[in-house]
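Visitor: Please take a close look at a single part of this structure and describe it in one connected account. I would like the criteria behind each term as well.

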Amino acid sequence: MNKEPDGPEGRLRRFATIWSRAIFPVTATSLTRQEFEEQLLPHARVLRDALTARVFDSATGHAVGSALVDVHCTDPEALSRTLDVVDAYLVLYCGAERDPEELRARCARVQHAVAAGFAQALRERTRAEQEAISRAALDARHAVAEALHASEARFRAVFEGAAIGIGIADLDGTVLQVNEAMLRMFGGGLDKYIRGRKVNEWTHPDDAPQVWRLYEELVRGERDHYRVEKPYYRQDGTVLWTNLTVSLLRDADGRPQYQLALMEDTTERRLLNLRLRYEATHDALTGLPNRTLFFERLEKALSAPDGKRFGLCYLDLDGFKAINDSLGHAAGDRLLVEVADRLQSCATAPGEMVARLGGDEFVALTTGPDTEREVDELAGRILSMLAIPVRIEGRELTVRGSIGIVEGPAGERTPAEVLRSADITMYRAKSAGGNRFELADPKVDASTITRHSLTTALPAALERGEFFIEYQPLVHLGEGSVSGAEALVRWLHPQHGVLGPDRFIPLAEDTGLIVPLGRWVLEESVRQAHAWHQRHLPGGPVRINVNLSPCQLYHPGLVADTVDILERVGLEPGSLCLEVTESALIGADDDLLKPLRLLAEMGVNIALDDFGTGYSNLANLRRLPVSELKLDRSFTQGMQHYPADQVDLKIVEGIVSLAHSLNLSVTVEGVETAVQADQLRRLGCDTAQGWYYARPGPPDRLHTLALVDAVG
Amino acid sequence: MERPAWAPQGIDISIPSVARVYDYYLGGSHNFEADREAARAAMEFMPGLPKIMQANRAFMRRAVRYAIAQGVTQFLDIGSGIPTFGNVHEVAQGAHPGARVVYADHDPVAVAHSRAVLEGNPDAGVVAGDLRKPQEILRSVPVSELLDLERPVALMLVAVLHFLEDADDPYAAVAELRSALAPGSLLILSHASFDGIPVPEEQASGTVGVYKNIRSPLVMRSRDAIARFFEGYEMVEPGLVSIARWRPEASLEQEDPFAFSGYAGVGRTA
């Protein structure tokens with residue numbers, strides 16, 4: 001092709017350059033102008049051919065107009081400029097050697113065709129694009145509608161299937177929609193009951209005070225949600241308790257529109273909580289408030305404002321343990337229930353309450369206006385109520401009680417201090433014989449040794465060696481010689497001085513400390529006996545008697561411990577006698593007797609202590625592995641003075657005869673006079689023990705006594 | 001039951017869409033009267049707006065060809081709008097048959113339109129996704145089917161970040177995208193700015209006001225603020241420059257004065 005600037009191709013390109021420069025500024029193309037010109041060049045050639053063709057074909061002009069639209073010259077200005085360029089330059093650069101008039105006329109026709117082609121193409125493109133974007137909008141709408149439908153279906157499923165109640169109301173409180181769960185909560189299926197009333201009419205007397213204020217704030221748009229515990233009336237009038245969450249729904253512009261309520265039925269849970277709370281605060285047997293609830297009330301009474309007073313009665317039944325032991329626990333329980341009912345009827349005034357602290361311990365609290373008078377009257381009423389016999393299993397039982405009264409102003413003492421004072425005072429009433437009440441006395445409280453303080457001090461006392469043993473001689477009545485001694489444990493308390501076993505052995509039994517303490521006593525006593533043997537006291541080797549508490553009897557280590565101690569110390573088993581109380585063996589079966597039997601077979605002596613105080617079956621004596629009876633001191637009291645009680649004499653004579661026929665020796669306790677000693681010797685008792693011979697004392701006293709006796 | 005108030009909004013073509021307004025600037029008819037009204041209102045303040053859009057298109061075209069020349073043949077174009085003409089897949093596949101392109105836009109109409117345009121093109125796809133939630137785009141089916149994120153990708157954020165306000169934390173979104181890209185990936189970015197606009201700033205602010213009114217706030221950022229988007233990238237020559245100055249292929253004298261508005265640049269991950 002001729003590319004010379006003045007050749008036909010060169011001229012054509014110059015036309016294309018002018019054309020592209022004219023319309024490039026109004027195109028939207030992202031091509032460079034040079035690239036754009038390359039795109040126009042073929043169309044310039046079409047224009048030239050249209051101008052010079054022998055026969056004019058308007059389709060060629062159409063094609064050029066259409067091509068303009070194709071290269072993104074959609075701005076009408078592009079057409080205007082194109083027509084200008086064609087008008088001014090097409091003939092000039094592309095006209096052949098033809099008649100100028102003819103060329104001009106042809107050029108005008110070309111322009112008409114280009115304009116028509118452009119308009120048509122633009123119209124088609126515009127229509128196509130409008131249709132495309134409309135279809136896209138429709139498609140998008142469809143997709144959104146589908147998504148919306150799916151999401152609505154999901155929400156509806158959640159709404160209908162939710163276990164919690166869901167409801168929507170407008171801001172006036174008109175209910176628009178509620179789900180199945182909410183209908184069920186309100187009594188099932190009764191849509192009308194819920195829809196018929198506005199939300200703000202759903203009041204209940206137990207509504208929390210802030211509920212309706214929160215509601216108003218929400219519907220006014222000042223609050224977006226609130227959560228409360230709210231009761232409602234069900235259709236049938238019963239109460240429905242709910243955890244209610246209300247949220248404000250706003251429209252797209254943030255204006256409040258609806259309120260959404262989510263409701264959880266807590267009625268059951270609430271009842272359960274109430275029941276659990278009741279069970280936690282009440283005694284299962286008697287139904288009375290228990291220790292927990294009592295302490296709550298006492299605490300409240302004690303933290304009452306200045307000027308308020310309280311009164312407390314602390315009641316412990318007298319001899320209840322004996323009833324329990326003799327008639328059984330079922331009877332004991334029925335007695336407690338009866339006592340509880342009576343106490344309840346004694347404390348009916350406002351501010352009065354009765355509680356069971358445990359066992360046979362009860363308390364009555366009053367916080368009335370005149371507690372000083374009221375608490376006395378209350379205690380009096382309780383004692384007179386108890387005086388009426390209780391009928392249980394066909395028997396008339398009379399229970400008495402000991403009451404400790406504490407009365408005073410609130411705000412001075414803690415509940416524990418008050419109860420301690422009441423406890424001490426109650427024991428004072430009991431020590432004074434029971435069936436009475438005593439008033440608390442702060443001075444007495446301060447000096448009283450409480451069971452509690454002793455109990456907590458016990459373990460440390462054993463570690464610090466605060467226990468020691470005294471020995472009381474056992475005298476052979478026939479020969480008048482010392483045949484042995486009973487080991488008696490004492491506690492040298494740093495504050496309270498020497499305490500006897502009756503003060504701390506029961507506490508040691510309760511806490512289990514009796515086992516190590518008993519072991520210590522046994523070892524200590526066995527060593528002492530061995531020491532006496534080493535000194536070869538006149539009258540042969542003396543025996544050592546050691547008490548076994550019921551707890552030790554049950555302890556699985558009894559036999560092994562005893563054997564171990566005897567072997568380590570080197571004492572003959574025959575020099576040891578273990579004293580077991582009669583009551584500990586009542587009803588004992590073979591399993592329980594087995595350790596004692598083992599010890600007896602080894603040669604250890606077993607004595608039945610306090611014989612005659614329990615209800616022992618004499619026939620049973622044969623199966624017990626005992627070799628000795630220790631008669632309770634009550635049998636010998638009638639023989640202290642001359643002439644002796646004849647009945648007592650007969651009883652003792654009978655027991656001795658029975659014992660001897662069973663090959664049991666008899667020891668008598670509590671011998672205090674020569675008359676007694678003489679009587680007992682004549683009745684055939686084997687051994688005696690008592691102040692007449694010697695009080696319990698340190699081990700060396702026994703040595704002295706034995707020497708004196710030998711001389712006498 | 002009435003339609004719940006929490007249900008998503010539908011398609012409302014009476015609200016202008018920036019994608020369709022853009023199409024209008026480029027002489028297209030993929031728009032509705034509301035779009036055209038907004039576009040005309042904006043052009044009252046800046047009559048050269050179409051030229052800025054055109055310059056953006058031209059930059060995109062040059063950048064795509066640059067990427068292909070660098071051997072990067074996968075493209076993720078976020079905020080792609082309505083592919084009027086000369087779009088990424090046309091340029092990329094024109095330069096390199098088989099080049100992979102995924103478009104992402106949050107305008108459902110733009111997405112539906114793109115889907116129609118791309119029908120039958122196995123190497124291009126579109127995902128409805130928001131630049132503010134990059135993970136939704138990165139984990140989408142089109143991305144996982146078409147792009148191999150183990151290999152370099154050209155991430156295109158052309159004329160889109162200026163529609164994210166600072167409260168949307170656009171820097172975090174860009175960083176999140178970067179961390180998903182393999183070494184050697186490119187970030188192709190352009191952004192509106194008052195810098196280089198051949199009209200006084202007060203006048204240009206009128207345009208910003210128009211976009212604010214159609215609830216698509218236009219955030220004009222400084223050069224420094226725009227440069228921060230390239231954190232973690234090495235800038236490719238000539239760095240962050242006015243749109244027309246990025247590797248121009250023709251004499252700058254031919255360019256419209258508006259083509260120098262805003263900034264464009266390409267960065268490469270190490």
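Guide: What follows is a description of one open sheet in chain A and of the elements joined to it. The model is predicted, and local features are reported only at pLDDT of at least 70, side-chain atom pairs only at pLDDT 80 or more, while totals for chains, interfaces and linings use all residues. Residues are numbered from 1 along each chain as its sequence is written, with chains lettered from A and ligands numbered from 1 in the order in which they are written.

The sheet consists of 5 strands in the order S7-S8-S6-S11-S12 of chain A, and its pairing is mixed; helices (H or I, at least four residues) and strands (E, at least two) are DSSP runs, numbered from the N terminus, and two strands pair if DSSP finds at least two bridges between them. In general, strands of a sheet pair through backbone hydrogen bonds, either parallel or antiparallel. Because strand S7 (352–358) and S12 of chain A stand at the edges, each with a single partner strand, one side of each has no neighbour in the sheet. From one strand to the next, the twist averages 20°.

Strand S6 (residues 309–318) of chain A runs antiparallel to strand S11 (residues 400–409) of chain A, and 10 bridges join them; within this pairing, Leu312(A) stands opposite Val406(A) of S11(A). S11(A) also pairs with strand S12 (residues 436–439) of chain A, here in the parallel sense and over 4 bridges. In S12(A), Phe437(A) is the bridge partner of Ile403(A), and Glu438(A) is the bridge partner of Gly404(A).

Helix H13 (residues 371–387) of chain A packs on the sheet, touching S6, strand S8 (361–366), S11 and S12 of chain A, where two residues are in contact if their C-beta atoms, placed from the backbone, lie within 7 Å. The direction of H13(A) makes about 170° with that of S11(A); axes are lines fitted to C-alpha atoms, for helices over the stretch in contact, and angles run from 0 to 180 degrees between N-to-C directions.

Returning to the parallel pair, S11(A) and S12(A) pair over 4 bridges, and the chain crosses from S11(A) to S12(A) through helix H14 (residues 415–431) of chain A in a β-α-β crossover that is left-handed. The reference for that term is the right-handed case, in which, with the strands pointing away from the viewer, the path from the first strand over the helix to the second runs clockwise.
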